[in-house]
Structure formats: structure tokens, C-alpha cells
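Colleague: I am new to this structure and would love a close look at one part of it. Could you walk me through the sheet and the helices that pack around here?

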Amino acid sequence: MQVIIHAGAHITDEDKLIKCLTRNQDMLAERGTQVPHPTSYRRLLRDILHAGLDSGISDDTRNVVLDALALDGVPDRLILSNPGFFGTPKMAASGGTFYSAAVARIGVLQEIFQGDQIELFMGLCNPATFLPAILAQTNFDTIDSYLGGTDPAEMRWSDMVRRLREAAPDIPITIWCNEDTPLIWGQLLREMAGLEPTVAMKGEHALLREIMTKTGMARFESYLKEHPDMTEIQKRRVIVAFLDKFAEEDAIEAELDLPGWTDESVAHLSDLYDEDLYAISRIPGISVIAP
């Protein structure tokens, strides 16, 4: 069985990916893929992960998980999604390290699904956006106390990715930049579902509806009908062109409100983030989905 683990990060797609995949459950089931509802496993796997870190797991844990999912037999491909797989919002950047528990938790997941083929999918986010948003979900009052005094400019997603790669070299890891999600949404859905690029999916343009005007969306959908044979790359170019003209500015501009953060410091973090994404793309065994 292939087990697809979508581990967030927090505040990226906000469960939109798993909801869209769930909408396509009937079509996916015909192809051997199951997308159980997150309520059937999130609390259970959270408790198993905690117990596994403390005392290990029992031999029948995999059966317990599969029974809880109420599947019609063992599927060829199982998709599980939870931004909390690698920790709570408090653990997402606490002490100045992105998801310090990721390695230990992927190890427990390997124990649970021993003998299965695990694949990890994770969307990353610009620290200039991620840190203020995740701070708001914790009990910390300041970014300094949350990060334990670490300068945000010293934090790198690539450090987390390298730790995961070294700890679990046999697990395929797919990474993408959350800021690119509207452009690569269709590919993300199909990659996670194991589908060919030509397979149509419900909601594959749902994210665009949130950031494009109604007029623009109507013209975009009309354009797609008139050009049904476009490749994925061609579609992305069309999306960029339509967003350039019809984007809802309020929907694509992130509000950054942290004391002491200036336009210059945010721009600096953004530049470092771009460099970090390039570094991730150079790590052997890491697949990066980009426009």
C-alpha cells in the first residue's frame, strides 16, 4: 500500500487540498485510492504518535488505524492529511527551528506503516508570512519569546528538509512553495492522488476562485473550453496572465503586523526564503513542484 502523508505546513492550504481530494473520492476509489475524512484519523494518529514517541507502538497498530478508517478493504493508495503530523502550532517554530519533532514523528509513522510505501508531501511558506500567522495560534506574546531569541533571518526550511531526508532516505519527499499554490493546484492534486496530468478533477480551479474576480474567472473557464488541449505548463501561463489582469488584490496581499518588522526586514526574509527554496531543490531525492 502507498501511504501519502500530507504534513501541512500549518496555515498553508488550510485543509483545502484534502477537501478537494475528498470531493473526488468516487473517481479516486475506482483507481484504488482512498481519501478518508480527517476526523476518522487525526485524533487517533495524534495519540498514537505521542504514545509511539514515549513507549513505541504495538504490532497491531497498523490494523487499528485501518479499522478506524472504515475502508472497504486495503486500498492501493491511502491519503492522510494533517498540518499537525509534525507538531502543534507551538512546535512549528519553537526555539527557532521549523518542526523540530518532524524526524521523530516520521520515524513513528514508518513504524506504523511498516512494509508500506510512504510518501511525504509538504507545502512551505515564507517565514515573513508564516511566523506572524503561526505566532497568533500560540500562547506566546512576542516572536522573540516564541523563537527563543533566534533571529528569524537565521531560520531555514532547508534544515528541516535535510533532517527528514537523512532520517528517512527511502521516503520520497515532495515540496512546494505555498505562495505558488494557485498556479500548481491541479498538479498538486494529481501528484498526491497518483493521477495522470490529463485526468479531470472536481475543484481543480477552486483556489483561483478565491483570488480572481468573477468576471476574470468566467473568462478563464471560457478560455479553457476553447483550448481543451493545453498542457499543464500552458495552463499555468494562462493563469498568470488572467491573474495579472483579474486578481482580487485584497485576497492575495498578506497582512504582516509584527512590532519592529519593517518593509526592509520583510523583503530581506523573502529574499532569504527564495534562496532557501533553491537550496531545497538541490537536495538529492527531493521533488519540488514549481510553476
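Modeller: Happy to; what follows goes from the sheet to two helix pairs and ends at a single histidine. Please keep in mind that this is a predicted model.

Let's begin with the sheet. It is an open one, built from 6 strands in the order S2-S3-S1-S4-S5-S6, with parallel pairing. The edges are taken by strand S2 (33–34) and strand S6 (286–289); each of these has a single partner strand, so one side of each is left without a neighbour in the sheet. In general, the strands of a sheet pair through backbone hydrogen bonds, either parallel or antiparallel.

Now follow the edge at S6. Its pairing with strand S5 (residues 173–177) is parallel and runs over 4 bridges. If you want a place to rest your eye, try Trp176, which stands opposite Ile289 in S6. A helix also lies across this part of the sheet: H9 (residues 157–167) covers strand S4 (117–124), S5 and S6, and it runs at about 175° to S4.

Next, the first helix pair. The axes of H3 (residues 42–55) and H6 (residues 102–112) come within 10 Å and cross at roughly 105°, which makes H3 roughly perpendicular to H6. On the H3 side you will find Leu45, Ile48, Leu49, His50, Gly52 and Leu53, and these meet Ala104, Arg105, Val108, Leu109 and Ile112 in H6. Sorted by class, this contact has 8 nonpolar, 2 polar and 1 charged residues.

The second pair is formed by helix H12 (residues 214–226) and helix H13 (residues 232–246). Their axes are 10 Å apart, and the packing angle is about 155°. An angle over 145° counts as roughly antiparallel, and H12 and H13 are therefore roughly antiparallel to each other. Their crossing is right-handed. H12 contributes Thr215, Gly216, Arg219, Phe220 and Tyr223 to the contact, while H13 brings Val238, Ile239, Phe242, Lys245 and Phe246. By class, that gives 6 nonpolar, 2 polar and 2 charged residues.

Phe220 also leads us to the last stop, as it is one of the residues touched by His205. You can find His205 in the loop between helix H10 (181–193) and helix H11 (206–211). Is it buried or exposed? With a relative accessibility of 18%, His205 counts as buried, because the cut-off for buried is under 20%. Leaving aside residues up to four places away in sequence, His205 touches Trp185, Met217, Phe220 and Leu224.

Key. Residues numbered from 1 in each chain as written. Predicted model: local features only at pLDDT ≥ 70, side-chain atom pairs only at ≥ 80, totals over all residues. Heavy atoms only, no water. Axes fitted to C-alpha atoms, helices over the stretch in contact; angles between N-to-C directions. Parallel < 35°, antiparallel > 145°, perpendicular 65-115°, else oblique. Contact = heavy atoms within 4.5 Å. Nonpolar A, V, L, I, M, F, W, Y, C, P; charged D, E, K, R; others polar. Pairing = 2+ DSSP bridges. Left-handed = near helix turned anticlockwise from the far one by under 90°. Buried < 20%, exposed > 50% of the residue type's maximum accessible area, 1.4 Å probe, protein only.
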